[in-house]
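Subject: Structure handover

Hello,

The structure we spoke about is below, for you to take over. My notes on what was found in it follow.

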Amino acid sequence: MFGFNFFKSKDKTRKTPCPEDLGILVFENTSEVIQAENLLKSRGWAVKVMGPPPGIQSGCDLVIQFPLIEHLVLMRQLTEAGIPPLEMVPVTDPLLKPVDLFHTKDFGAYLMVRAANMKLTIEKETKIIVNISGGGCPDVPYLARKMVGNHLDQAPRPGKIGHTLCGYALELAYEEINRQCSQ
Amino acid sequence: MSKIIDARGLSCPQPVLMTLDAIASGTDNELQVLVDNEASRENVTRAAENKGCQVKDIQDEGADTRITILKG
């Protein structure tokens, strides 16, 4: 079941949400986050998977950020699909702001992007994947074996060949490092 | 000559990057990489093989591992 949690802002900010107001959906586990993300994106919603804010003590290691003005429709669709969130929280406080899943580190000749628990490192000059680490899921060695040594454009997509949450996180890192390299 | 790369206490990808730099830049034909965790051991071995090097030996030394790499 879910709750609509306005925390402590009940009587002071009952304003009508403007389009840029954001909310986050908190789920019990990451599998539900992935299912919800796929469902909402397939229906054209502008949602984004993020890290949970420090003010949220429930749920898993991922949350979904969404335009708050759409909360009624989103909640109905998720409930109908059998994946209702634990909570829906308007981002009304810095402590409720979701954190970016990505962390980028420049090693000079190499660039590393970490997404959640997975790290992907490429050689900047050649865009060859030189390392994949992190996780702890059983398919990480397989993913590394398939991807390391390949050019970013030619490596298999971890989202397609992976079978675990690590594969999902690695796919996010893959998309982010591609985005950075194309700028 | 053999060059020793001490990557103990470092988390991936740093041991891999140190190994790749040594493969690319050094004149030593043999590298000995010291690591202290399984992930680094796997990743350094894989990176060396991907660069066409031969992993000659992997020796456990207590909690550490010594990986001997011959440059191709």
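The buried residues of α1(B) are a good place to start: they pack against elements of both chains. On the chain A side these are β7 (110-115) and β9 (128-134), and within chain B they are β1 (2-6), β2 (30-35) and α2. Please keep in mind that this is a predicted model.

The residues of α1(B) that count as buried are B:Pro15, B:Val16, B:Leu17, B:Thr19 and B:Leu20. The geometry of α1(B) agrees with expectation, because its 12 residues at 1.5 Å a residue should span 16 Å and its end C-alpha atoms are 16 Å apart.

Contact between the chains

Chain A puts 13 residues into the contact and chain B puts in 11. On the side of chain B that touches chain A, α1 (14-25) and α2 (38-50) each supply at least two residues. The most comes from α2(B), which gives 6 residues. By type, that side of chain B divides into 7 nonpolar, 2 polar and 2 charged residues.

Chain A

Chain A has 5 helices and 9 strands, and along the sequence they follow the pattern β-β-α-β-β-α-β-β-β-β-β-α-α-α. Of its 183 residues, 37% are buried. Among the contacts in chain A with a separation of 6 or more, 60% are between residues 24 or more positions apart.

The core

The largest nonpolar core has 64 residues, and A:Ala169 and A:Ala173 have the most contacts inside it. Helix α5 (residues 165-181) of chain A gives the most to this core, contributing 9 residues. Where does the core lie with respect to domain 1 and domain 2 of chain A? Domain 1 (3-96) and domain 2 (102-181) both give residues to the core, so it lies between them.

Leaving aside residues up to four places away in sequence, A:Ala169 touches A:Ala115, A:Ala116, A:Asn117 and A:Met118.

One further residue of α5

A:Asn178 also has its place in helix α5 of chain A. Is A:Asn178 buried or partly exposed? It counts as partly exposed, because A:Asn178 has 15 C-beta neighbours inside 10 Å, and 20 or more would be needed for a residue to be buried. A:Asn178 and A:Val49 are 129 residues apart along the chain, and their C-alpha atoms are separated by 17 Å.

Regards

Terms used: Residues numbered from 1 in each chain as written. Chains lettered and ligands numbered in written order. Predicted model: local features only at pLDDT ≥ 70, side-chain atom pairs only at ≥ 80, totals over all residues. Contact = placed C-beta atoms within 7 Å. Helix = DSSP H or I, 4+ residues; strand = E, 2+ residues; numbered from the N terminus. Nonpolar A, V, L, I, M, F, W, Y, C, P; charged D, E, K, R; others polar. Buried ≥ 20, exposed ≤ 12 C-beta atoms within 10 Å, placed from the backbone. Core = buried A, V, L, I, M, F, W, Y, C linked by C-beta atoms within 7 Å. Domains from an automatic or database assignment. Expected span 1.5 Å × (residues − 1).
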